[in-house]
Amino acid sequence: MSETVLAPVSAGIDGPSGPKPKRRFSRRNIFVYGTLIIVALYYLLPLYVMIVTSLKGMPEIRLGNIFSPPMEITFEPWVKAWAKACTGLNCDGLSRGFWNSVVITVPSVILSIAIASVNGYALANWRFKGADVFFTILIFGAFIPYQVMIYPIVIILREIGLYGKLPGLVLVHTIFGMPILTLLFRNYFTSIPEELFKAARVDGAGFWGIYFKIMLPMSLPIFVVAMILQITGIWNDFLFGVIYTKPDTYPMTVQLNNIVNSVQGVKEYNVNMAATILTGLVPLIVYFVSGKLFVRGIAAGAVKG
Amino acid sequence: MLTGKAQDGVMTTQERPNQLFRNISAKIAALPMIATALVVFLGGTLWTIFYSFTNSKLLPRLKFVGLDQYERLWTTNRWLISIENLLIYGVLSLIFSLVIGFVLAALLDQKIRFENTFRTILLYPFALSFVVTGLVWQWVLNPDFGIQKVLRDMGWTSLEFDPLYNPEIVIYGILIAGLWQGTGLIMCLMLAGLRGIDEDIWKAARVDGIPMWKTYLFIIIPMMRGVFITTLVIIASGIVRIYDLVVAQTSGGPGIASEVPAKYVYDAMFTKQNLAQGFAGSTMMLLSVLIILIPWAYLEFGGRKRV
């Protein structure tokens, strides 16, 4: 198994430059690559099973085993998952959840990043008395279980008339995205040389002037990191979606769970798997496109758990 | 993490008579943060704790019953099972994800080819939601079609591998899924820690003829104490919250064999109209996180001032 991966290694060295080449098939290398390949296969297995299952017809699923590739490829399950699968009385498939999730995610990402970046900027460059206290509370909020805050938020949303509505959920995502994003932006802005800030102050720029003319243009990478973090985080949310929205406005994850775990009817595993892939597709695309930035984002956003 | 540069110089440039109006745009800009911190995080938490001493049912009511809710909580079988599950899942998930995450990071740190490819593969489950994770593994572990059937078809007819339908081992079925989803992240954190270690340490260890595994065990790991502790806090506070994975994979079943505290709290609040029970449960969850969090915060931030 390890040979296949090691083959390009020997092809890559063609000149006598660089350090002394090591033996390529040493026991150590075989162990390292062998283990990594086995682990990688294990990690890929569920994705493979999902894809394969979603392309089979139900008769084939009942007969064969889940690992065998489909004998006859059919896209019927995908169509059904997207447009016809039922949750309760609605039979218009996951598409409804998809658009709900889009409508939830887009404003939540924009609003949470706008607010958190300004917060981070105020904390990094315009420190005022008591700022650290609020910030510490905010960071604690990233760790403490959401369950202790769920119900008070229900009451607040009900008071302002947003309970069960999409703007309410957007507000909730903004609130719970705030700790980690504020930390992210604060740390980034702190690393920007102070002289720039001081020079702008001398030139008479104010709070917003410095933010829009200096800080914002200088920190586009961190905005991208924050976006990756928020898009995947909000798209994948289940708990807030199920609490703060109604069946009509359920996000995709909640609808997916309702489709797959519904007790009525015959289980259509191929449709279920197609629906599961569809739900995972957006974060997966974000992940594969963003590459290293995603790693940076999660290293900073790991506290979201 | 939390210590920033003090900007005293900036603040004193703008002396105004009224303290409150100094730096006013910054204060206005920080209002959302202040409101979130005070009203939602602090206020909400205190509110929940406060109402956990009442007998609120469908709606919050101020009729105090002392510690009754907690007494009921700790005599309810479902809560006890939830706690037991959380302990098993938590301890095993901590151990396995730290060990596997570290070993994988160490393997990736061997200056190998295709490091990015391997990292991409090992981390992709983390991009997926717990709901997706739970549903995939529900399918892979399905006794009639999944791994059990495949192995039986291969001739191992007596094999019993049915974690999701066996109350004794269902929590391990969830653990398999949770580890699949989360170890990639731990690996990345560990890898960042390993990259932060001075190359000279390795050279010195090699010169002294210390074998690789000993270098890791006795030199590198002790040096990475900070990374380990931070990772531990991150995993632990995530574990206490575990909810979607269980809902998607088993819905708490079979029976109530895979219930977890977060699900108990949700059900009490939103399906059983037993608000105060939910508040008491969530307060217990908060307590368990604080037990982890406070010593860590003390070590991390209290200790730094002395240095």
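Domain bounds, as used here, come from an automatic or database domain assignment. For chain A of this predicted model, that assignment gives domain 1, covering residues 2–54, and domain 2, covering residues 95–304. The two domains of chain A meet through 4 residues of domain 1 and 6 residues of domain 2. On the domain 1 side of this contact, 2 residues are nonpolar, 2 are polar and none is charged.

The secondary structure of chain A consists of 15 helices and 0 strands. Chain A has 305 residues, of which 45% count as buried. The contacts within the chain can be sorted by sequence separation: of those in chain A that join residues at least 6 apart in sequence, 74% link residues at least 24 apart.

Chain B may be described in the corresponding terms. It contains 15 helices and 0 strands, and 41% of its 307 residues count as buried. For chain B, 68% of the contacts between residues at least 6 apart in sequence connect residues at least 24 apart. The overall dimensions of chain B are also available. Its C-alpha trace extends over about 85 × 65 × 30 Å along the principal axes. The radius of gyration of chain B is 25 Å, whereas a compact globule of 307 residues would have one near 19 Å.

The next subject is the contact between the two chains. Chain A contributes 79 residues to it, and chain B contributes 79 residues. Within the side of chain A that touches chain B, helix H2 (residues 27–54) gives the most, with 11 residues. By class, this side of chain A comprises 55 nonpolar, 20 polar and 4 charged residues.

One pair of helices illustrates how the chains meet. Helix H7 of chain A (residues 147–159) and helix H3 of chain B (residues 31–51) have axes that come within 8 Å and cross at roughly 95°. Because angles of 65 to 115 degrees count as roughly perpendicular, H7(A) is described as roughly perpendicular to H3(B). From H7(A), the residues taking part are Val148(A), Met149(A), Tyr151(A), Pro152(A) and Ile153(A). Their counterparts in H3(B) are Val40(B), Phe41(B), Gly43(B), Gly44(B), Thr45(B), Trp47(B) and Thr48(B). Taken by class, the contact of H7(A) with H3(B) has 8 nonpolar and 4 polar residues, and no charged ones.

Two residues of chain B merit attention for their backbone conformation. Lys111(B) is not a glycine, yet it has a positive phi of about 55°. This residue lies in the loop between helix H5 (77–108) and helix H6 (115–127) of chain B. A residue counts as exposed if 12 or fewer other C-beta atoms lie within 10 Å of its own; Lys111(B) has 8 such neighbours and therefore counts as exposed.

Ser251(B) likewise is not a glycine and has a positive phi, here of about 50°. Its position is the loop between helix H13 (244–249) and helix H14 (261–270) of chain B. A residue is buried at 20 or more such neighbours and partly exposed between the two limits. With 16 other C-beta atoms within 10 Å, Ser251(B) is therefore partly exposed.

Terms used. Residues are numbered from 1 along each chain as its sequence is written. Chains are lettered from A and ligands numbered from 1 in the order in which they are written. This is a predicted model: local features need pLDDT of at least 70, side-chain atom pairs count only at pLDDT 80 or more; totals for chains, interfaces and linings use all residues. Helices (H or I, at least four residues) and strands (E, at least two) are DSSP runs, numbered from the N terminus. Two residues are in contact if their C-beta atoms, placed from the backbone, lie within 7 Å. Ala, Val, Leu, Ile, Met, Phe, Trp, Tyr, Cys and Pro count as nonpolar, Asp, Glu, Lys and Arg as charged, and the others, Gly among them, as polar. Axes are lines fitted to C-alpha atoms, for helices over the stretch in contact, and angles run from 0 to 180 degrees between N-to-C directions. Angles under 35 degrees count as roughly parallel, over 145 as roughly antiparallel, 65 to 115 as roughly perpendicular and the rest as oblique. The radius of gyration is taken over C-alpha atoms; the globule rule is 2.2 Å times the number of residues to the power 0.38.
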